[in-house]
Amino acid sequence: MVARMPELAEVEVYRRLAETALRRPIVTVHTPDLWYLKRGVTRASLRTALRRRSFTAARRIGKLLLLDADAADTAPGSTAGPTLGLRFGMTGRLLVDDRLGVDRLVYSSERFKPEWIRFSIGFADGGRLAVVDPRRLGGVFLDPAEDALGPDAAAVGLAALRRALRSSRAPLKARLMDQARLAGVGNLIADEVLWRAGLDPRRPAGSLSSAETRRLHRHLHAVVDDLLERGGSHMGDLLEARLPGGVCPRDGAPLARGQVGGRTTWWCPRHQR
């Protein structure tokens with residue numbers, strides 16, 4: 001699999017790969033890059049939290065991978081262990097044993113250097129789980145604040161989407177990409193969804209009618225499903241036209257380009273209203 005960067009679809013591939021690391025006792029925790037440990041996590045706290053445990057579940061909220069660990073024998077009465085959170089930034093890839101979740105990221109290097117392994121876990125059977133990140137834009141968390149994220153874009157309901165957009169004067173695309181409102185929508189997914197839904201990314205998010213919100217909800221789910229099936233967030237119908245001189249694949253109109261929410265944005269001024 002080749003992708004531009006780890007967006008929702010790629011992190012879902014990582015989650016499925018991480019399921020092969022479940023129920024395997026952890027014997028080592030290697031943290032060569034202390035900068036990669038976030039929110040007060042230290043080398044000692046990570047080793048104490050994870051060694052002699054096993055992962056019991058691999059979950060995803062947006063672009064955050066969550067690995068739940070079992071309760072350690074040394075914690076009597078505990079019903080649950082810690083949760084390891086992994087973010088991958090623009091260039092992070094997950095490695096489990098000898099398998100990479102994504103073979104190549106367009107915005108990363110095709111080479112592999114041992115020093116790009118920012119974090120790894122060794123299992124009792126000799127295998128390992130590791131994060132490879134040339135640009136160090138990801139991070140490792142313990143018990144990340146899951147409630148700081150909005151509902152996952154792959155599963156968000158219509159009512160929750162309405163709440164995320166309601167009364168907001170922010171541009172529609174910026175609101176969709178606000179991870180506290182809706183988790184998992186990156187730049188490519190946002191442009192694809194709004195292009196399919198026929199909605200101008202610059203519109204105030206709170207200006208959508210009830211019918212437009214339903215249409216947006218329908219296309220959001222359809223895009224996520226399509227990209228997962230096709231193999232990545234870069235596999236949308238609009239992608240190849242997102243370049244100077246590109247024309248809308250639907251109606252042939254020249255695409256417009258601008259900055260929306262601080263991100264380069266492409267849209268069709270003819271049918272996106």
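**Note on the predicted model**

1. Glu 212 first. Setting aside residues up to four places away in sequence, Glu 212 touches Leu 199, Arg 203 and Ser 207. This is a predicted model. Glu 212 sits in helix H6, which spans residues 210-230. Is Glu 212 buried or exposed? Glu 212 is buried, because its relative accessible area is 17% and the cut-off for buried is under 20%.

2. Overall fold. The protein chain carries six helices and 13 strands. Its C-alpha atoms fill a box of roughly 60 × 40 × 30 Å along the principal axes. The radius of gyration is 20 Å. A compact globule of 273 residues would have a value near 19 Å, so the two agree.

3. Burial and contacts. Of the 273 residues, 53% count as buried. Take the contacts between residues at least 6 apart in sequence: 67% of them join residues at least 24 apart.

4. Surface and charge. The accessible surface of the protein chain is about 12,400 Å². Carbon and sulfur atoms account for 49% of that surface. The chain has 45 positive and 30 negative charges. The mean positions of these two sets lie 6 Å apart.

5. The largest nonpolar core. This core has 31 residues. Which of them touch the most other members? They are Leu 46, Leu 50, Phe 55, Leu 84, Leu 86, Leu 94 and Phe 119. Helix H1, residues 8-18, gives the most to this core, with four residues. Apart from this core lies another, of 25 residues. Its members include Met 177, Ile 189, Ala 190 and Ala 205.

6. Leu 46 in detail. Neighbours within four places in sequence are left aside here. Leu 46 is in contact with Val 29, Thr 31, Leu 37, Val 41, Leu 84, Phe 119, Val 140 and Leu 142. Two of these partners, Leu 84 and Phe 119, also appear among the core residues that touch the most other members.

7. Helix H1. Nine of the 11 residues of H1 are buried, so the helix is largely enclosed by the rest of the structure. The buried set is not purely nonpolar by name: Glu 10, Glu 12 and Arg 15 are among its members. Leu 8, Ala 9, Val 11, Tyr 14, Leu 17 and Ala 18 are buried as well.

8. Helix H5. How many of the 11 residues of H5 are buried? The count is 11 of 11, over residues 187-197. Among the buried residues are Asn 187, Asp 191, Glu 192 and Arg 196. Leu 188, Ile 189, Val 193, Leu 194 and Trp 195 are also on that list. The cover includes H1, helix H4 (172-176), H6 and strand S13 (263-267). Gly 198 follows H5, with a positive phi near 70 degrees.

9. His 271. This residue is found in the segment after S13. His 271 counts as buried, because its relative accessibility is 16%. Leaving out residues up to four places away in sequence, His 271 touches Trp 195, Gly 198, Cys 248, Arg 250 and Asp 251. Of these, Trp 195 is one of the buried residues of H5, and Gly 198 follows that helix. His 271 and Arg 196 are 75 residues apart in sequence, yet their C-alpha atoms are 9.5 Å apart in space.

10. Asp 97. The residue lies in the loop between strand S6 (93-96) and strand S7 (99-100). Asp 97 counts as partly exposed, at 29% relative accessibility. Beyond its neighbours within four places in sequence, Asp 97 is in contact with Arg 24, Gly 127 and Arg 128. Asp 97 and Gly 126 are 29 residues apart in sequence and 8.6 Å apart in space, C-alpha to C-alpha.

11. Positive phi outside glycine. Arg 39 has a phi near 55 degrees, a positive value in a residue other than glycine. Arg 39 lies in the loop between strand S2 (26-30) and helix H2 (43-50). With 74% relative accessibility, Arg 39 counts as exposed. Asp 143 also has a positive phi, near 45 degrees. Its place is the loop between strand S11 (139-142) and helix H3 (158-165). Asp 143 counts as partly exposed, at 48% relative accessibility.

Conventions:
Residues numbered from 1 in each chain as written. Predicted model: local features only at pLDDT ≥ 70, side-chain atom pairs only at ≥ 80, totals over all residues. Heavy atoms only, no water. Helix = DSSP H or I, 4+ residues; strand = E, 2+ residues; numbered from the N terminus. Rg over C-alpha atoms; globule rule 2.2 N^0.38 Å. Buried < 20%, exposed > 50% of the residue type's maximum accessible area, 1.4 Å probe, protein only. Contact = heavy atoms within 4.5 Å. Areas by Shrake-Rupley, 256 points an atom, 1.4 Å probe, with all protein chains shown as cover. Lys, Arg positive; Asp, Glu negative; His and termini not counted. Charge placed at Lys NZ, Arg CZ, Asp CG, Glu CD. Core = buried A, V, L, I, M, F, W, Y, C linked by side-chain atoms within 4.5 Å.
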